[in-house]
Structure formats: C-alpha cells, structure tokens
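Got a few minutes to look around a protein chain? Here is a quick briefing, sorted by topic, to read with the picture open.

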Amino acid sequence: MLMLSQPIDLLLKQWQQQRLLTPLDRHFALELASIESMPAQVAADTSVQSPTANTENVQQPLQPDNSSTSLFLLVCALLSQQLSNQHSCLVIEQINLANPMAEDSHKYAQINCQISLSHSQLIEQISQFDAVGLPGDNKPLILEYGRLYLNKYHFFETQVANKLTQLASQKISIELSQSQLPQLIDSLFSTKQTGNSATIDWQKIATATALINALAVITGGPGTGKTTTVTKLLLLLLTQSNLTIRLVAPTGKAAARLSESIKASKQRLHKELTQLADQSIAAVLIEALTTIPEEASTLHRLLGVIPNSHQFRHHQDNPLRLDLLVVDEASMVDLPMMHKLLSALPAHGRLILLGDQDQLASVEAGAVLADICIGLKHGQDNMTSPASSPWSMRYSQAQAQQIGQLTGQDVSQFIHPQPKIGDSLCMLMHSHRFKGDAGIGLLANAVNQANVAAIRQVWRQQHAELNWYEHQQNAQGDNAGKQQLLALSVQAYGEYLQQVNANQQAILSQAQQHTDPEQNAPIELPHSEQAIIDSFNQYRILCAMRAGEFGVEGINIAVTESLKQARLIHAQGEFYLGRPIIIQSNDYNLGLFNGDIGLILQDSNKPERLMAHFVMADGSLLKVLPARLPSHETCYAMTVHKSQGSEFDKVSFVLPTRPSIAQWQLLTKELVYTAITRAKNHFYCLGSANIFEKASQQATSRASGLAWRLWGESQH
C-alpha cells in the first residue's frame, strides 16, 4: 500500500522537524491510531527519544509497507495537515500519490513516501478502518463522496448547508397591489433600466432580493456600495414593519467601520430625502430612517461569550432576540463560527450576509462565502453570462418576475432552470470608490482576473497612486527597495508620532509650570487620543508572511529601529509611548480579541500614566493598563489576513524575496487582491515582479463539500 524510506512513526517525526507537519498533526495521527486499536508500539510512540529520524540529506531506498497501520497514520496526518491549512476536509482524489506529503525533493535527498494504491483503491481502504464511518455514524472520522472529515467538521458543514438552503427557500410575501414599495424603491434609486446588463442597477436588485427572501447574500468588491445598499434596504424594511435588527462583523475594527458607514449613509440619505418632490413619500422614508440601528457589535459579543468556554450563551435552544441579522465582512467568517451563528438564529429570523467573495477566506477552516457564491461563477453549468463579468446571477422565473415588479429591472436573461440558492444572491458589479482609470482599481481587477498582461500594463502606466519598490541591492549591499519602504514608513508614521510627542511636551511643560502638587491643575493635551489613533490608521504595512526579514517580525524590527533613529520614538522598555500593538489572543473579560489594534498613549485623565487605547465597535475608547494586556506584539506591520475588515489611506505591501514551497502556498491572488484593496488612495509594493505575477495567478482552493451541498454535484 505504501513505499517508505523509514518506518512511518519515524517519518512523522521527520516531517514534523521539516515543518511539513505541526506537532498537533503528528500527535493527532498517533492518538487516532490508538482509537483504531493499532499496534501499541506505534500508537504509543509519542516520545522524541526513539530512533533518530533521517533529517540529513542521506538517500534511503523505498521499501514496501503493506501495513494498514502505516496507511492509517499517514491518512490521519494528511487530514490534520489539511485542517491546519484551513481546509474542512481531505479530498482523497487530490492526494498526490507519488508525493503525498509534498516533500521538496530539491531541498532534501528524496521523497520518503509514496502510495502504491489508486485513488479508488485508497478510498476503499480508508472506508474499512474502524475509526471511519458514514454520515450519521458516531465515529471520529466521516467519509462521504471521497472526502474525509473530522466528525465535527462534517457536522458543521452539513448543518450550515441545511440552514442556508432552508433560509433560501423561505420567501417573504409582499402584496404589491397594496404596497408602496415600488414607489419607495424608485425614490431611493434614480437610475433607469436600459436592458443592458452592464447598466443594470444591481444595488436596486440587491435591495429587492433581500425584501423578498429570508436569506440575502450581497457581495461585491470595494466601493461597490454594499453598505449604502444595506442602509437603503433596512430603510425600506422598516417602512413595512417594526423589526429588531442587529448589525455585526467578525472583528471590532470591522464592526466600527460598519457603524461609521451606516451613520454616513443615513446622513447622505436624509439630505437626499429632504429634496424629494413627493413629500408624502419623503415623510414615510425619513421617519423610518431614524429607526435604522447604527451600532454594530462583534459576532462574539452578539452570541454572548462564556469565559473559559468554547460555547456561547445564544444557540439553538436559546436563540437570539432579533428579526433580522446583518453580517458584514462575511468572507472572514469561518465554518465553525457560521454554524454557531446560524444555529442561534431564531426560526423567524432573516439573514443578510455582506462581503467580497474575492477576498482572502477566513483565518480558520472553510471558505463559506466563496462556497456560497461559487454557483454564480461564469462558466458553471454552462450558464450564459456577459463576457465582461466573471459572474452570472441564477434566478428562478418567479424571482425574476418579482424583481421586475418591484424595481422595473429586466433580469430575465438570468433565469436558470436550477437556481438552487441563486434567488438569495446578488453581486454588485460597479465600483464607486475607484474611477475607471484609477490605478488601484485597475490593478485590483487585473490581479483578480489573474491577468498578467493587464498587471504589467497597469504598472507600466505609472499611476500616481501606485509605487513599486524592487528587491535589489544598492552600492552599500543593502536592499534598496527596503530602504525606500522604511523611509516612507518613517514619514507616514511620523505624523501620528509627532502628535504623540507634542502631547508629551505639553505634559512636561505644564508640569514645570505647576510645581505645587496640591494645585493638581488639569492638563490640556493638544491632540486627543481619537485624533492620534485616526492619524495612525492612515497608513499600514501589510506583509504576506509572518516570519523572516520581509515578514511581520522582521519589518516590525526594522521600522522600530528606523523610528528610533529618526528620534520619533524612545523605545527604552516594552511599553513605550506611541507603540502600536495587536492582540494575539482573546480576553473575554477585557473585551479584547485576536486582531484588535491599539496604541500606547498618555491617559488623558492621568497624563503621567501610559495606557493601551483601543477603539471599540461602538466607537468608544477602551483603556487598558499595559500589564493587563493579553499576548500581543508590535504592529507597525501586520499580516494581510489580520488587515481584513480594515482600510487605510496608504498601504505598503511586502513580498518575500525567495519564497519556500510552504510560503508559496500562502502567496495567492486572493492575498494580493486583499492587500491592494485595503488602500483607498495609495498603494506601495516591495517585491519582485515575477513573485507578484506568479502569486496573482495562484488561486486559493479550500477543500470543502459545502459548495457541492449548496449547488449540486457539478461544484467541487
């Protein structure tokens, strides 16, 4: 069944030492082997003192191993490796039989493992293991249609698919003959239907989609108007009935941005509505506008965190008290969290998911939003689509007819014989943030389409908002591109640090003027904490990797040193004035979560004391004593993953110089696209053209059965 250079237990150790497996992957395989009633000497071998694995470049001949023990250990290690890499399952047909562990034959002496079975034989053999069951079996592993799951992930996936399908089948009845809805919709959307799909008002259609369906998934790139659309949608819903509406996002930063966007949209709408010719319509809409909620929270806060527990207060037996739930940045929601969210939705509850399906998938397992949208991908099911768009809607005849009645838009070209959940989906096609000739928008589109020729053309056009820093050595032997990046970063971060230092000077000056401690006069600071935080958030360095000179760790060290040399910071201790930090673990008591970003600043109430300042989802400031902070690190630079849900005026994107095989797996077009679209006005890239282009051609593919469950067997 296998061809091995060493016994499988030694190979597991070797792969762990080579970082092909994590310690968890190896121990997971060994633990399951004990459940499978494998021989004790293999299952119990978890020590590091047993015979030494071959980690040197010494070639050893492959020997046949027909033991089911060895195959089971290998398969379990591969499954755990998949989960570590954010896949929901192990697709057996995708295993490279000649090199299942993806060993680098150039770096090491040889490939140490091969599978001598065909994929169909391998599936049959796996199905015979005692620890592997069918759907519904109480077994640790579940095998279904050639996909091997950990039982709980199979449960999450099936439950999410069932709930989404159930919601998509629930229609909201509207009696048009007695409703003002068409007139109300027309008053909010002024564009006219021309019959050309390129000029269809997709915001208008997205609004109608959510009005008539219990589930609405509204997606689109940056600046396509997702928040504006949902504000108008909520306004229209509230003209029909009083609803309890909750707004949520995966992170505090994303929730704060959602709140800001809703407030801004309401202000714009109020101004527009006061100018409507039909004052009766305007009165109805303005009254409803005031009732739209503005405060967004995080998913964790919505569900109700129980300290020291993975469970939440709200679940299937204690559902949320709401009528409608709006989830922004849905691409960041992983499979387990989506399961918890859907389980806590009340039976009558409606759900709106907002997000960009082309962004990076969630940090944890699954790619839920991408799987929901995959059925609309151009070319799926031979669906006719405008050549200019990679997406095509899939509507039932009844849905298309009702959209036409509500909006006056003709979407009959998108009628599909098997819409599946397509009635609940709408993609916004037109970006309002980037003009047609804006460099950032052009580059993002070229990367999203994996079009190398278009990428090169955009860079050659030398747009003012795009700057390229090449990895190359200067006369002193330094990386010239890195030096340019550091100079830019000193200038950009210098703006908020000058405000911090101005505050410090004011404190010192006033302290000298009031030498009598009994006077205790309040100190007026020239810059508020919020103003400093806003200034800091104008710029950010995003790295593709965590480790290495050009990863988060190396860039943070380099920027810190450059700022010290510029005398903008005085990093004498760990918690120095102006230090940005990012939280790395959840602290439910403090209300801080992984990915939250704060600044070490003077406490305005006690300026002699330093506090970590965080902007919460509701816009308020949370101040925490540095000693009470959970695990954290400096955050001049952060990973692209952690930047999701944020946007900055200026962004610098850092690529590695010589990516390893493992690093290449992370360098995808979704990562590059996400980095580009975090920038509103300026995008800088430190890298090499060939690495940028190759990454832009490499699409993320997360192993999952969710798309197949939602759309049918043609989806993989």
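First, a bit of vocabulary: two residues are in contact when they have heavy atoms within 4.5 Å of each other. Keep in mind that this is a predicted model. The chain has 716 residues, and 57% of them count as buried. Its secondary structure adds up to 25 helices and 23 strands. Taking the contacts with a separation of 6 or more, 74% link residues that are 24 or more positions apart.

**The annotated binding site**

- UniProt, in an unreviewed entry, puts the feature "binding site" at G220, G221, P222, G223, T224, G225, K226 and T227.
- To find G221, look in the loop between β8 (215-220) and α9 (226-240); P222 lies in the loop between β8 and α9 too.
- Is G221 buried or exposed? Its relative accessible area is 17%, so it is buried, because the cut-off for buried is under 20%.
- P222 is buried as well, with a relative accessible area of 11%.
- If you skip the neighbours within four places in sequence, G221 is in contact with K226, D356 and Y673.

**Strands side by side, running parallel**

- Strand β11 (residues 324-327) is covered on both faces. L324 and V326 are buried on one side, and L325 and V327 are buried on the other.
- Strand β9 (residues 245-249) runs parallel to β11, and four bridges join the two. One pair to look for is R246 with its bridge partner L325 in β11.
- β11 also pairs in the parallel sense with strand β12 (residues 350-355), again over four bridges. Here V326 has I352 in β12 as its bridge partner.

**Strands running antiparallel**

- Strand β17 (residues 597-602) and strand β18 (residues 610-615) are antiparallel, with five bridges between them. L601 has M611 in β18 as its bridge partner.
- β18 pairs with strand β19 (residues 621-624) too, in the antiparallel sense and over four bridges. In that pairing, F614 stands opposite L622 in β19.

**Nonpolar cores**

- Some background: in soluble globular proteins, nonpolar side chains tend to be buried together.
- How many residues are in the largest nonpolar core? There are 138, and the ones touching the most other members are L141, L148, I352 and Y395.
- Helix α4 (residues 68-84) supplies the largest share of this core, ten residues.
- Another core, of 34 residues, lies apart from it and includes W459, M545, L667 and F683.
- Back to L148: leaving out neighbours within four places in sequence, its contacts include V75, L79, C89, L90 and I92. I126, V132, L141, I142 and L143 are also among the contacts of L148.

**One helix with a buried face**

- Which residues of helix α17 (residues 452-460) are buried? They are V452, I455, V458 and W459.
- Looking down the axis of α17, these buried residues fall within an arc of 125°, so they line one face of the helix.
- It helps to know that an α-helix has 3.6 residues a turn, so residues three or four places apart point the same way.
- On the other side of α17 you will find A453 and R460, which are exposed.
- What do the buried residues of α17 pack against? Their partners are α16 (439-448), β14 (466-470), β23 (679-687) and α24 (689-696).

**A buried leucine and its far-off partners in sequence**

- L542 sits in strand β15 (residues 539-543). Its relative accessible area is 0%, so it is buried.
- L542 and A637 are 95 residues apart along the chain, yet their C-alpha atoms are separated by 5.6 Å.
- Not counting residues up to four places away in sequence, L542 touches a group including M638, T639, V640, S643 and V651. S652, F653, V654, A675 and R678 are touched by L542 as well.

**Cysteines**

- A disulfide is a covalent bond between the sulfur atoms of two cysteines.
- How many disulfides turn up in a search of the whole structure? The search finds zero.
- C635 is in no disulfide, and the nearest cysteine sulfur, that of C543, is 9.9 Å away.
- C635 counts as buried, because its relative accessibility is 0%. C76 counts as buried too, at 0% relative accessibility.

Conventions: Residues numbered from 1 in each chain as written. Predicted model: local features only at pLDDT ≥ 70, side-chain atom pairs only at ≥ 80, totals over all residues. Heavy atoms only, no water. UniProt positions renumbered as here; feature names shortened; annotations may be inferred. Buried < 20%, exposed > 50% of the residue type's maximum accessible area, 1.4 Å probe, protein only. Pairing = 2+ DSSP bridges. Core = buried A, V, L, I, M, F, W, Y, C linked by side-chain atoms within 4.5 Å. Disulfide = S-S within 2.5 Å. Arc of directions from axis to C-beta.
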